[in-house]
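Visitor: I should like to learn how to read the interior of a protein model. May we work through one example together?

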Amino acid sequence: MNFKDSYKNDMDKIGPDREFIRNLNTSLQAVSGRPQKTVKFFRHGIVSAVVLLMIFTVGSGLALWYSGRKSGGGAPNLDQQGNMESSVSVGETVFDKQKWFENCDTEQDIYNLFIRRISDENDLVKIYKNNEEKFDNSMLMGQKEIDSLTYMLQRGRIGDERGVNTENIKAEYYMAVFENGDIIKFSIYESNALKLKEFDFLIFL
């Protein structure tokens with residue numbers, strides 16, 4: 001027998017120890033019997049994510065439906081891109097603006113404030129004048145006309161409207177616009193009586 005055959009014979013006789021084989025079998029059985037926790041956790045995670053997504057979708061839909069009913073329509077208004085439109089109904093008060101005469105206590109205080117504001121070139125922006133209560137830019141008064149009007153108004157004295165029947169008297173209508181956005185409308189009758197739109201008293205010129 002040569003060396004090669006002798007070496008092969010010796011290698012064939014070498015085998016694992018029986019105790020090692022027994023321990024290995026025991027370890028493999030223990031590992032194969034354990035539950036696959038990682039896989040179960042992964043599956044539970046997917047199920048939880050799907051449930052949360054469904055709850056969010058349904059909740060959002062209900063919120064949109066409820067807001068649409070609360071605003072008076074069946075469903076919210078959408079534009080062409082499918083986005084919700086925000087709108088304010090006609091006549092709805094967006095903010096409360098203080099009236100120009102808010103801090104006045106008497107009729108004389110109101111008229112004094114009116115004269116002071118209409119005489120202030122830094123406050124007054126423009127005045128319109130027309131034979132009816134409709135105004136556009138063709139009805140703007142020039143500065144000389146405004147100066148003459150202001151001079152006439154400064155001589156006014158407060159009277160009682162009950163003594164004058166203004167319904168049958170021809171009038172000219174004015175609209176003064178001020179720097180802060182205030183608008184004061186008034187009319188002057190042929191009888192040289194001025195009336196501020198918000199009030200019942202007359203100013204005799």
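Visitor: Which residues is Leu153 in contact with, leaving aside its neighbours within four places in sequence?

Guide: This is a predicted model. In it, Leu153 is in contact with Tyr111, Phe114, Ile115, Ile118, Ile188, Leu194 and Leu205, once neighbours within four places in sequence are left aside.

Visitor: How should such a set of contacts be understood in general?

Guide: In soluble globular proteins, nonpolar side chains tend to be buried together. Here, the largest nonpolar core has 26 residues. Leu153 is among those with the most contacts inside this core, together with Trp100, Phe114, Ile127, Phe186, Leu194 and Leu196.

Visitor: Which elements give two or more residues to this core?

Guide: They are H4, S1, H5, S3, S4 and S5. The largest share, six residues, comes from H4. Apart from this core lies another, of five residues, including Ala171, Ala193, Leu202 and Phe204.

Visitor: Which residues of helix H5 are buried?

Guide: Helix H5 spans residues 143-153, and its buried residues are Ile146, Leu149, Thr150 and Leu153. Seen down the axis of H5, these buried residues fall within an arc of 100°, so they line one face of the helix. The face turned away from the buried side carries the exposed residues Lys144 and Tyr151.

Visitor: What covers the buried residues of H5?

Guide: The cover includes helix H4 (107-119) and the strands S1 (124-130), S3 (171-178), S4 (183-189) and S5 (193-196).

Visitor: Let us turn to charged side chains. Is Arg117 buried or exposed?

Guide: The relative accessible area is the value to consult, and buried means under 20%. Arg117, which has its place in helix H4, has a relative accessible area of 10% and is therefore buried. Beyond its neighbours within four places in sequence, Arg117 is in contact with Trp100, Asp123, Leu124, Phe178, Asn180 and Asp182. One of these, Trp100, also belongs to the largest nonpolar core.

Visitor: What is the relative accessible area of Lys129?

Guide: The value for Lys129 is 28%, so this residue is partly exposed. Lys129 lies in strand S1. Not counting residues up to four places away in sequence, Lys129 touches Phe135, Met139, Met141, Glu172, Tyr173 and Tyr174.

Visitor: What separates the C-alpha atoms of Lys129 and Ser187?

Guide: Here, separation along the chain and separation in space are to be read side by side. Lys129 and Ser187 are 58 residues apart along the chain, and their C-alpha atoms are separated by 9.2 Å.

Definitions and conventions. Residues are numbered from 1 along each chain as its sequence is written. This is a predicted model: local features need pLDDT of at least 70, side-chain atom pairs count only at pLDDT 80 or more; totals for chains, interfaces and linings use all residues. Side-chain values use heavy atoms; hydrogens and water are left out. Buried means under 20% relative accessible area, exposed over 50%, partly exposed in between (1.4 Å probe, protein chains only). Helices (H or I, at least four residues) and strands (E, at least two) are DSSP runs, numbered from the N terminus. The arc is that of the directions from the helix axis to the C-beta atoms. Contact means heavy atoms within 4.5 Å. A nonpolar core is a set of buried Ala, Val, Leu, Ile, Met, Phe, Trp, Tyr and Cys residues joined through side-chain atoms within 4.5 Å.
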